[in-house]
Structures are given as C-alpha cells and as structure tokens.
Amino acid sequence: MLCLKIGLTFFGCRYTPKPIKGLLNIKLATAIAQYTLYNITGRNVLGASKLNNQQATINITNLPAGLYVLQLIDANKQISQQKIVLER
C-alpha cells in the first residue's frame, strides 16, 4: 500500500486503511516532522508539527466524507503529498 505521488518529492510512505473511515495510520521510512490535511478546496483542515516519529495516527472522524490531500514533511525536509479518500 504505497502512497500516491501527486506532486513534489516522493518518499517511502504507507497509509491505511484505504479508503479511510475515521482513523488514518501513516508510516514513513524516516521521521515525520509535520503533516497537514487539506480539503478539496485547498483549506487546511488539520495538522500537526514537531512529531519526530516514523508513524502517526490521525483522527479524522469529525471531517465530512470527501477527497483530501495529505502533505507530509519528513525530518530531512522532503515534502510529499497524497490523495486521501474519506468515506462514511
């Protein structure tokens, strides 16, 4: 289950489940420094920084179903963006 590359630098990333129904689990080869979740209109709806872990669980149960873009920045400042589908 590799993340989809939709722009910028791609680095090893896995997220589950697909499609997402509430909790988004992310795992990277390097430490996650920051993540930001954008809705389809480009509005920042969720994010966190200074994580410094190789994995994270994001609770998105309060967001409406739809298409989102997850932007990840790793410890080496590489940026990756993945399309996320949230179902209810």
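Of the 88 residues in this protein, 36% are buried, where buried means under 20% relative accessible area, exposed over 50%, and partly exposed in between, with a 1.4 Å probe and protein chains only. I should state at once that this is a predicted model, in which local features need pLDDT of at least 70, side-chain atom pairs count only at pLDDT 80 or more, and totals for chains, interfaces and linings use all residues. Residues are numbered from 1 along each chain as its sequence is written, and side-chain values use heavy atoms, with hydrogens and water left out.

Let me turn to confidence. The mean pLDDT is 80, and 81% of the residues reach 70 or more; pLDDT is the predictor's confidence in each residue, from 0 to 100. Over residues 1-10 the pLDDT is below 50, yet this stretch has 31 contacts in the model beyond near neighbours in sequence, a contact being heavy atoms within 4.5 Å. Where pLDDT is low, the predicted coordinates should not be read in detail. Among the elements, strand β1 (residues 13-16) has the lowest mean pLDDT, 61, and strand β4 (residues 66-74) the highest, 90.

As to the fold, the protein has 5 strands and 0 helices. Helices (H or I, at least four residues) and strands (E, at least two) are DSSP runs, numbered from the N terminus. Among contacts between residues at least 6 apart in sequence, 51% join residues at least 24 apart.

Consider next Gln71, which lies in strand β4. Why does Gln71 count as buried? The reason is its relative accessibility of 13%. The side chain of Gln71 is joined to that of Gln81 by a polar contact of 3.1 Å. Such a contact is a pair of N or O atoms within 3.5 Å; within protein, one must be able to donate a hydrogen and the other to accept it, and residues adjacent in sequence count only if both atoms are side-chain atoms. Leaving aside neighbours within four places in sequence, the residues in contact with Gln71 include Gln34, Tyr35 and Ile79.

Gln34 also serves as a reference point for Ala75: the two are 41 residues apart in sequence and 8.5 Å apart in space, C-alpha to C-alpha. Ala75 belongs to the loop between β4 and β5, and its relative accessible area of 43% makes it partly exposed. Outside its neighbours within four places in sequence, Ala75 is in contact with Ala31 and Ala33.

Finally, Val85 is found in strand β5 (residues 79-86) and counts as partly exposed, at 37% relative accessibility.
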